[in-house]
Amino acid sequence: MSSEAPPPFTERMLGMLEPAKLMTWAMSHYFRICAESVFKNGQILAPITQTRRLRDEAFGNFWVEFSSQPQRLMSPDPTTNQPPQPVGSSALIPPLLKTASGTVLDVGPGTGTQMPLLTSPSITSLYGAEPCTGLHAELRTRAIAEGISEKYYILPCGAAAAELIPALKATGTGVVDKYEDDASAGVFDTILCVRVLCSVPQMERTIGELYGLLKPGGRLLVTEHVVNPWWRAKGSFVARIAQGVYQFFGWSWFIGDCCLTRDIEGALSRAAEVDGGWESFELERSFEWSAMPYISGTLVKKGL
Ligand SMILES: C[S@@+](CC[C@H](N)C(=O)[O-])C[C@H]1O[C@@H](n2cnc3c(N)ncnc32)[C@H](O)[C@@H]1O
């Protein structure tokens, strides 16, 4: 289902430049980190021999800065008492995350931007799997500020099961005990994937593993940018080309391995084939005219 009409031509073309703005910003962090290594720390070869470390550090700094920017908000409607609402892709997230409940996994929480949406008492425990350790201090501070630090566990790992299961065990909460006796029991009532499946290595496999960690009847809440569906009526061939150009000029390198051209919807659909499909698969498509089209919605795993 597609949700909105495309904006006028000029706005659409300007929208194509949105990723360029982000990439330039992230690049400035990368070059600053490289320059510091070489000129301040005397690690002349670091940009060649320690690229992973420098990229992670630069992305961490970029993301802390980016996510501390005030959110773009719509002017409040004077006829209602509603507070100003987020706009753009950020508007897709609150209605979705407010439905999270039970034992929850937040895949790649970053600095915890979404944490204010996760304070409901119906969430019994919250695990944030964040491999970029440079973001953990912000995450911890945010959990305290939101009053959920007692039930928030930061996992220093990615979303792959081989990393996630040991990290979950290390929390000492016993959250994986049942799963280890019987994998069909799953672990989580809700898994959140907000702007993260674009970055995970081996996406298809990781999504399959996340599916395996959902309890029967569990829900995957998704807000992700995806490859432009240029072959559909609302898609855009120009935006698809723009995505390729950004990828070519180093988008993934500078933006924490993010990829603009993933068919995440297809991978999500295939993940449940082992059980004959999802109980329910409801995804809304937005901004299909742009270089960052989104899918957003709830997928429910079949019950036992
Ligand atoms: C674009 S940020 C989104 C952060 C957060 N979900 C939000 O909406 O603000 C992507 C996050 O995914 C994390 N990430 C990258 N690879 C990952 C992986 N394999 N598993 C889990 N998280 C990962 C990054 O470190 C980063 O914090």
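**Exercise 1. Describe how helix 9 and helix 12 pack in this predicted model.**

Step 1. Take the geometry. Helix 9 (residues 203-213) packs on helix 12 (residues 264-271) at about 45°, and their axes lie 9 Å apart.

Step 2. Classify the angle. Angles under 35 degrees would count as roughly parallel, and 65 to 115 as roughly perpendicular. Helix 9 is therefore oblique to helix 12.

Step 3. Give the hand. The crossing of helix 9 past helix 12 is right-handed.

Step 4. List the contact residues. Helix 9 brings Met203, Glu204, Ile207, Gly208 and Tyr211. Helix 12 answers with Ile264, Ala267, Leu268, Arg270 and Ala271.

Step 5. Sort them by class. The contact of helix 9 with helix 12 holds seven nonpolar residues, one polar and two charged.

**Exercise 2. Work through the packing of helix 2 and helix 4 by the same steps.**

Step 1. Start again with angle and distance. Helix 2 (residues 18-40) and helix 4 (residues 51-67) pack at about 130°. Their axes are 8 Å apart.

Step 2. Place the angle. Roughly antiparallel needs over 145 degrees, and roughly perpendicular runs from 65 to 115. Helix 2 and helix 4 are therefore oblique to each other.

Step 3. Find the hand. Helix 2 passes helix 4 in a right-handed crossing.

Step 4. Name the residues. On helix 2 they are Leu22, Trp25, Ala26, His29, Tyr30, Ile33, Cys34 and Ser37. On helix 4 they are Arg53, Leu54, Arg55, Glu57, Ala58, Asn61, Phe62, Glu65 and Phe66.

Step 5. Count by class. Ten residues in the contact of helix 2 with helix 4 are nonpolar, three are polar and four are charged.

**Exercise 3. Characterise the interface between domain 1 and domain 2.**

Step 1. Set the bounds. The domain assignment gives domain 1 as 9-67 and domain 2 as 89-300.

Step 2. Locate the centres. Over C-alpha atoms, the centres of domain 1 and domain 2 are separated by 23 Å.

Step 3. Count the contacting residues. Domain 1 has 22 residues in contact with 23 residues of domain 2.

Step 4. Size the interface. The accessible area lost when parts come together is often used for this. Domain 1 and domain 2 bury about 2,000 Å² between them. Carbon and sulfur atoms carry 75% of that area.

Step 5. Find the leading contributors. Which three residues supply more than any other three of the area that domain 1 buries against domain 2? They are Met16, Met23 and Arg55, which supply 31% of that area. Arg55 also belongs to the contact of helix 4 with helix 2.

Definitions and conventions
Residues are numbered from 1 along each chain as its sequence is written. This is a predicted model: local features need pLDDT of at least 70, side-chain atom pairs count only at pLDDT 80 or more; totals for chains, interfaces and linings use all residues. Side-chain values use heavy atoms; hydrogens and water are left out. Axes are lines fitted to C-alpha atoms, for helices over the stretch in contact, and angles run from 0 to 180 degrees between N-to-C directions. Helices (H or I, at least four residues) and strands (E, at least two) are DSSP runs, numbered from the N terminus. A crossing is left-handed if the near helix is turned anticlockwise from the far one by less than a right angle, and right-handed if clockwise. Contact means heavy atoms within 4.5 Å. Ala, Val, Leu, Ile, Met, Phe, Trp, Tyr, Cys and Pro count as nonpolar, Asp, Glu, Lys and Arg as charged, and the others, Gly among them, as polar. Domain bounds come from an automatic or database domain assignment. Buried area is the accessible area (1.4 Å probe) that two parts lose on being put together, summed over both.
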